[in-house]
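Visitor: I'd like to take a close look at one part of this protein. Could you pick out a helix and walk me through how it sits in the whole chain?

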Amino acid sequence: MTRKELEQIDGIYNLFNFGKYKGKTLLHVIDNDPQYIIWCINNIKDFNINDKLKVELLSQYNQHIRYYQERFYKSLMKKYDINSIDTIISFIAPMCYANY
C-alpha cells in the first residue's frame with residue numbers, strides 16, 4: 001500500500017481517544033508504532049479500522065515475524081550444525097507448549 005493510498009483510507013485521520021496515543025491520529029500511530037495498532041486489533045473488542053488497512057497491517061506484521069523466525073532458525077541451524085528447519089521446529093515445539 002502506497003503512502004497516497006494510506007492517506008486516502010476512510011478514518012486514517014481519526015484521533016485515538018485512549019491509551020498512550022490519545023489525541024494522535026491513526027496515521028501517526030501507524031507511522032510511529034504499527035505494532036500498537038496490531039495490539040489494539042487483537043485486544044480491544046470495539047477497535048475498528050478499515051478492513052483493507054487491517055489486512056495490510058496484519059500482513060506486514062506477519063512478514064516481519066516470519067523474517068525474524070527464519071533468522072532465528074538459521075542461527076540455531078548454524079550453531080548446532082543442523083541442516084533442516086523441520087528438525088529445529090521439532091526441537092523447539094515441545095518447549096513452546098511445555099506450560100500448557
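Guide: Here is a stroll through helix α3 and its surroundings. Keep in mind that this is a predicted model.

Let's set the scene before zooming in. The protein chain has five helices and zero strands, so its pattern along the sequence reads α-α-α-α-α. With a radius of gyration of 18 Å, well over the 13 Å that the globule rule gives for 100 residues, the chain is more spread out than a compact globule. Its C-alpha trace spans about 50 × 35 × 20 Å along the principal axes.

Now for helix α3, which covers residues 34-43. Which of its residues are buried? They are Tyr36, Ile37, Ile38, Cys40 and Ile41. Buried here means under 20% relative accessible area. And what do these buried residues pack against? Their partners are α2 and α4, the latter running over residues 51-79. There's a handy bit of background for looking at a list like that: an α-helix has 3.6 residues a turn, so residues three or four places apart point the same way. To put the buried set in context, 25% of the 100 residues in the protein chain count as buried.

For contrast, hop over to Lys22, in the loop between α1 (3-7) and α2. Lys22 is exposed, because its relative accessible area is 61% and the cut-off for exposed is over 50%. Still, Lys22 isn't without company: setting aside neighbours within four places in sequence, it is in contact with Phe16 and Asn17.

Another exposed residue is Phe91, at 52% relative accessible area, and its place is in helix α5. The C-alpha atoms of Phe91 and Met1 are separated by 37 Å, and the two residues are 90 apart along the chain.

How far should you trust each bit of the picture? The mean pLDDT of the protein chain is 85, and 94% of its residues reach 70 or more. Among the elements, helix α2 (residues 26-32), one of the packing partners of α3, has the highest mean pLDDT at 93, while helix α5 (residues 85-96) has the lowest at 72. As a general rule, where pLDDT is low, the predicted coordinates should not be read in detail.

Conventions
Residues are numbered from 1 along each chain as its sequence is written. This is a predicted model: local features need pLDDT of at least 70, side-chain atom pairs count only at pLDDT 80 or more; totals for chains, interfaces and linings use all residues. Side-chain values use heavy atoms; hydrogens and water are left out. Helices (H or I, at least four residues) and strands (E, at least two) are DSSP runs, numbered from the N terminus. The radius of gyration is taken over C-alpha atoms; the globule rule is 2.2 Å times the number of residues to the power 0.38. Buried means under 20% relative accessible area, exposed over 50%, partly exposed in between (1.4 Å probe, protein chains only). pLDDT is the predictor's confidence in each residue, from 0 to 100. Contact means heavy atoms within 4.5 Å.
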